[in-house]
Structure formats: structure tokens, C-alpha cells
Amino acid sequence: MEDDELRVAHGATSRIVNTPALRRVGSIFLSSLCALAVPTMADAQDKGEERRPNSAQSVGAVVVQGRRAPLVVGGVSAVVANFDSLRLPAAPLLDQALREMPFVLVRRNSRGEMELSMRGSDSRQAAVLLDGVPITLGWDHRTDPSIIPLTGARSITVVRGLSSLLYGPNVLGGVIEVGLNESAVGASSAPSLALSGTMDHLGGRSMSVTGGFPLSQSGRWTARAGLGLRDRPGVALGGGIVDPGPDDDIRTNSDLDHVDGFGSLRYTAPGGGHVGVSMSSYRAERGVPPELHISEPRLWRYPDQRRTLAIVNAATGPLATPFGHGTLRASVGFNDGHTEIESFETRDYDGIDGTEIGDDRTLTARVVGEHSLGAASTIKGAVTVADVS
């Protein structure tokens with residue numbers, strides 16, 4: 001039959017002639033295939049329905065808890081960092097942690113102290129808080145972060161710029177809050193023990209040991225303690241910098257010997273409130289690298305620097321009142337320090353020219369409260385009182 005032929009043209013192109021006979025054959029083949037497949041699929045579906053168990057069951061309430069982001073006002077941003085996520089040596093100091101934080105400038109002055117600046121602020125315009133207590137309140141209204149230990153600290157919060165006066169005085173440039181007993185990453189009642197150590201190419205060594213454990217089966221009472229040691233022969237001398245000291249690799253008079261310890265106790269109530277007490281103490285001996293751009297720099301050493309901080313803090317958690325709901329948090333701190341300075345005549349640091357001794361003591365109390373004001377508003381207030389001697 002000429003109409004049923006399949007003609008293939010030889011050469012560059014080819015085509016298939018779709019005739020009525022071929023269409024009839026294809027239709028018969030597809031109909032037969034469907035007739036055979038439908039009973040098989042039906043049998044499989046029936047068997048699957050017979051074997052399928054009844055999986056219906058009741059599911060209880062699912063509670064998802066997450067970390068609450070820091071809330072600030074005034075349009076500024078807050079950065080919260082866990083020390084485990086920062087590239088830090090063992091037993092770090094506060095200035096080392098702040099160098100890893102964005103938008104924070106850390107610089108050394110001629111007295112050998114580290115100064116902080118955020119968004120171009122003065123060093124006395126950045127408040128440093130430990131468990132809610134300002135430690136920058138004192139005769140100089142600032143603190144040296146290069147000798148503040150972070151052994152046992154769990155989080156650091158940096159607020160850049162003036163967010164609110166609720167943090168207390170000296171907050172025009174920003175706020176740096178370190179959590180020891182109060183932490184932005186939350187409290188943990190699980191037993192823990194951490195050992196860390198670091199050694200650099202100049203022979204500097206640092207190590208720390210920290211641990212925590214619950215004091216009750218419910219985990220309401222927890223205790224933490226730790227110890228940190230730092231021994232640094234000096235700071236590495238940068239390439240191309242000429243230092244008149246005896247060592248070509250280390251800055252003159254930049255050594256550090258630092259030891260610190262801490263302990264804390266915390267009780268967490270079922271409703272979210274808590275009461276805690278913490279104590280941190282350190283002792284340091286260090287040198288002050290002389291400035292290289294002036295002919296007569298300060299030739300100083302700190303043979304003895306000591307400081308003890310004791311803090312008691314408490315929080316109520318959410319409270320229902322006749323006018324809505326609110327919270328209340330209070331902190332009381334005792335800050336006692338001793339500093340000795342020795343000045344020298346020459347860069348050999350062998351003839352003492354003068355001595356200065358300073359003692360300071362600061363008592364600080366801070367209360368922060370907030371309460372709902374209608375359905376979508378909140379009113380907040382804070383009071384900070386300090387006595388500086």
C-alpha cells in the first residue's frame with residue numbers, strides 16, 4: 001500500500017510520513033496498554049490501602065524558645081558577641097576582645113592606658129558595665145580595658161552611639177556591657193569545665209581554667225569560678241620601627257604580668273527572676289612603652305595594680321500589675337582599686353625618679369524598670385547613684 005509506506009529521503013534531510021493507517025495502529029496499541037495497566041494499578045492501590053496503618057495521633061503543645069535580641073532606642077545598633085565566636089587568645093583582656101568588635105577604636109595613650117572610642121567619641125564618653133554596674137565611674141570617669149580580665153565572662157554587648165540615658169552617665173559615645181552573671185546569651189545550669197592556653201613566638205604565655213556546676217537537682221542554684229594567668233615579655237616591634245631598647249624584636253618596657261580570679265553564685269526562680277552575686281579580682285605589674293615620636297617621653301612602670309569588684313544583681317522577671325505588666329532589675333557594685341606608678345630618669349629603668357600611689361573606691365547602685373503603657377507602648381526608667389572616693 002503506497003499510502004502506508006514510510007519514506008526516508010536520502011541526503012541532508014529526512015522525514016516521516018504520518019499516514020491514517022499508522023495512526024490507527026498506534027491508537028490500538030495505546031488502548032491495549034492502558035487496559036492492562038489499569039487493573040494492576042487498582043490492585044496495588046487496594047493493597048496499599050489495606051497495609052497502611054492508622055497514624056493519627058494527638059500532639060501536645062510545642063514551645064519554641066529563642067534568644068531575645070537586644071533592644072535599644074534612639075536609632076542606634078547593638079552587637080552581641082559570644083566569646084567563643086571571637087578569635088581571642090586564652091584568658092583574654094577587654095581590649096583584645098574589643099579589637100575584634102566592629103566600629104570600636106582602641107588606642108594607647110602616653111600613660112600606657114588603652115582608651116576607647118566609638119563613632120569618634122572621647123574616651124570618657126563610652127561607658128563600660130559589668131553585670132549592669134558601671135565601672136567607668138571614678139575620679140577619671142574611664143577605665144583601662146587593657147587590664148580588665150574577661151575570665152568567666154560569657155558575652156559582650158556593644159551599643160554604638162547614644163541609645164538611651166538608661167545606662168547611666170558617660171554614654172554619649174556608646175555602651176560596652178560585659179556579662180558575667182547576667183549574660184545576653186542566656187544562663188546555663190549544665191556542668192562545664194574549660195581549659196585553654198596560648199603561647200606566642202616571643203615567649204608570651206596565657207592560660208585559663210573556668211568551670212560551672214549546679215548546686216541543686218533542679219538547676220536553680222548554679223556556681224561558677226575561674227582563674228586566669230598572663231605572662232608577656234613584651235609587644236612585638238613592627239617592621240621598620242627603630243626602638244632604642246636592647247631588644248630588636250620587642251618594644252621597650254612593654255612587659256605584662258597579670259593574674260585574676262572570679263567566682264559567682266546565681267539563683268534562678270521558676271518565673272524567670274534571678275538573684276546573683278559575683279566577685280572578680282586581679283593584680284598586674286606592667287611597663288609603659290615610651291613614645292618614639294617625642295624626645296622626652298614618659299618613662300613609667302606600674303609595679304602594682306590591684307582591683308576588686310563585687311556585684312549583687314537581681315531581676316524580677318515579668319510581673320503582672322493592675323495597670324499591665326512590667327519588670328524590675330537592680331545592681332549594686334563595690335569597686336576598690338590600688339595603683340602604684342614609678343617614673344625613671346633613663347631608658348634603662350634602673351633609677352627611680354618618683355613614685356605615685358593612688359587608691360580609689362566606688363560604690364554604685366543602679367535600678368532599671370519598665371512597664372507596659374497601653375497595648376503597644378512601654379515606659380522605662382532608670383536611676384544610677386555612685387559614691388566615688
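User: How many salt bridges does the count come to in this structure?

Analyst: The count comes to 16 salt bridges. The model is a predicted one. In it, the protein chain holds two helices and 17 strands.

User: What makes the contact between R142 and D140 a salt bridge?

Analyst: The side chains of R142 and D140 meet at 2.8 Å, N to O. The cut-off for a side-chain nitrogen of Arg and a carboxyl oxygen of Asp is 4 Å, so the pair qualifies at 2.8 Å. D140 and R142 also belong to a network of salt bridges whose other members are R107, R111, E113, E115 and R124.

User: Why is D140 called buried?

Analyst: D140 has a relative accessible area of 15%. Buried means under 20%, so D140 meets the criterion.

User: How do you know that R301 and D255 form a salt bridge, and which parts of the chain does the pair tie together?

Analyst: Their side chains meet at 2.9 Å, N to O, which is within the 4 Å limit. R301 lies in strand 13 (residues 300–315), whereas D255 lies in the loop between strand 10 (221–232) and strand 11, so the pair ties together parts that are 46 residues apart in sequence.

User: Are R301 and D255 buried or partly exposed, and why?

Analyst: R301 is buried, because its relative accessible area of 14% is under 20%. D255 has 22% relative accessibility. Partly exposed covers the range between 20% and 50%, so D255 is classed as partly exposed.

User: What makes the pair D360 and R307 a link between distant parts of the chain?

Analyst: The side chains of D360 and R307 meet in a salt bridge at 3.1 Å, N to O. D360 is in strand 16 and R307 is in strand 13, with their positions 53 residues apart in the chain. Both D360 and R307 are buried.

User: Why does D95 have no salt bridge?

Analyst: For D95, the nearest side chain of opposite charge is that of R99, 4.2 Å away. A salt bridge requires the nitrogen and the carboxyl oxygen to lie within 4 Å, and D95 has no such partner although D95 is buried. D95 is found in helix 2 (residues 94–99). Leaving aside neighbours within four places in sequence, D95 is in contact with V106, M114, P145 and S146.

User: How do you know that L137 is buried, and which residues does L137 touch?

Analyst: The relative accessibility of L137 is 8%. The threshold for buried is under 20%, so L137 falls in that class. L137 lies in the loop between strand 5 (133–134) and strand 6 (155–160). Not counting residues up to four places away in sequence, L137 touches P169, N170, T362, T364, T384 and A386. The C-alpha atoms of L137 and G168 are 9.7 Å apart, with a separation of 31 residues along the chain.

User: Why is E345 called exposed, and which patch includes E345?

Analyst: E345 has a relative accessible area of 59%. Exposed means over 50%, so E345 is exposed. Together with D348, D350 and D353, E345 forms a negative surface patch. E345 itself lies in the loop between strand 15 (324–344) and strand 16 (352–372).

User: Which residues make the nonpolar surface patch, and why is L265 called partly exposed?

Analyst: The nonpolar patch covers about 600 Å² and is made by F213, L215, W221, L265, V277, V312 and V332. L265, in strand 11 (residues 256–268), has 30% relative accessibility. That value lies between the 20% and 50% limits, so L265 counts as partly exposed.

User: Why is I379 not called exposed, and where is I379 found?

Analyst: The relative accessible area of I379 is 48%. Exposed requires over 50%, so I379 is classed as partly exposed. I379 is found in strand 17 (residues 378–388). Its contacts, not counting residues up to four places away in sequence, are G369, E370, H371 and L373. I379 and G369 are ten residues apart in sequence and 8.5 Å apart in space, C-alpha to C-alpha.

User: How much of the protein chain counts as buried, and what is the accessible surface?

Analyst: Of the 389 residues, 39% count as buried. The accessible surface comes to about 22700 Å², and carbon and sulfur atoms account for 56% of it. Among contacts with a separation of 6 or more, 61% join residues 24 or more positions apart.

Methods:
Residues are numbered from 1 along each chain as its sequence is written. This is a predicted model: local features need pLDDT of at least 70, side-chain atom pairs count only at pLDDT 80 or more; totals for chains, interfaces and linings use all residues. Side-chain values use heavy atoms; hydrogens and water are left out. Helices (H or I, at least four residues) and strands (E, at least two) are DSSP runs, numbered from the N terminus. Buried means under 20% relative accessible area, exposed over 50%, partly exposed in between (1.4 Å probe, protein chains only). Contact means heavy atoms within 4.5 Å. Patches are made of residues with over 30% relative accessible area and no salt bridge: like charges are joined within 9 Å, nonpolar side chains (Val, Leu, Ile, Met, Phe, Trp, Tyr) within 5 Å. Accessible areas come from the Shrake-Rupley method with a 1.4 Å probe; for residues, only the protein chains shown count as cover. Lys and Arg count as positive and Asp and Glu as negative; His and the chain ends are not counted. The place of a charge is taken as NZ of Lys, CZ of Arg, CG of Asp or CD of Glu.
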